[in-house]
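Grab a pencil and open the model in your viewer. Here are a few short exercises to try before you read the solutions.

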Amino acid sequence: MYDPTVARLTYRALLGRRRALILGALPLLLIVISVAVRALTGADDQTASDVLGGFALATMVPIIGVIAGTGAIGPEIDDGSVVYLLSKPLKRPTIIFTKLIVAIAVTMVFSAVPTLIAGLILNGNGQQIAVAYTVAALVSSIAYSALFLLLGTVSRHAVVFGLVYALVWEALFGSLVPGARTLSVQQWSLAVAHKMAGGDLVTSEVGLPTATVLLVAVTVLATWYAGQKLRSLTLAGEE
């Protein structure tokens, strides 16, 4: 189910100089903000939760997920180079699964690691806030990668749609419309963080059992459908 050659090519595409600079910009900004906040306010649990929840989890993680998820396959489909990959004796689900693993790994490294560092800077992991939000970043990285990888297979405007979902649906509607929060990867991952942190500093509109089911369902279904779309693309090319 995992092909090292496909993984190497995908890593090379995602971590090229230009894309790596884009991926590293938000994590660097998070660290700078955390250092500034700590210097100005000192170690405060509520402030740490606000920064990690409001910037790291609500903005940084989904945007990095968009870049990594869509970038794992979208450019190859857009420029037609995916034909060379599909001509190899590889099962289409193997290609999708491999690219998903790469997208997840890249998203985790560029989101969960800086989230942990920022949390330690802000309050030294008081009340397990840093660890809780780091786990939330890890969990959401999986779902975002699968969701945005699917977008990369079905649309030439995957980045635009991904950013609309991340910044408009989750950040705007998710904070204003109660019903929209149930359909939010951010809220699902916050349910996991709430379980780890305890108390009221980390909250979610979705219960942990529901969040777990939805996270797994979205990841599995998005990955499966991406494989189906890639298979149909192959058939169209063969015809």
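Three exercises follow, each with a worked solution.

This is a predicted model, where local features need pLDDT of at least 70, side-chain atom pairs count only at pLDDT 80 or more, and totals for chains use all residues. Residues are numbered from 1 along each chain as its sequence is written, and side-chain values use heavy atoms, without hydrogens or water.

**Exercise 1.** Work out what makes up the fold and how compact the protein is.

*Solution.* Start with the secondary structure: there are 11 helices and 0 strands (DSSP runs, H or I of at least four residues for helices, E of at least two for strands). Next, the radius of gyration, taken over C-alpha atoms, is 18 Å, close to the 18 Å from the globule rule (2.2 Å times the number of residues to the power 0.38) for 239 residues, so the protein is as compact as a globular protein of that length.

**Exercise 2.** Check the span of helix α6, then find where α6 bends.

*Solution.* Helix α6 covers residues 92–123, 32 residues in total. Take 1.5 Å times one less than that number, and you should get 46 Å; the end C-alpha atoms are 46 Å apart, which agrees. Now look at Met-108, where α6 bends by about 30° (the angle between axes fitted to the seven residues ending there and the seven starting there). Right after α6 sits Gly-124, with a positive phi near 60°.

**Exercise 3.** Is Leu-167 buried, exposed or partly exposed?

*Solution.* First place Leu-167: it's in helix α8, residues 158–176. Then, at 38% relative accessibility, Leu-167 counts as partly exposed (buried is under 20%, exposed over 50%, partly exposed in between, with a 1.4 Å probe and protein chains only).
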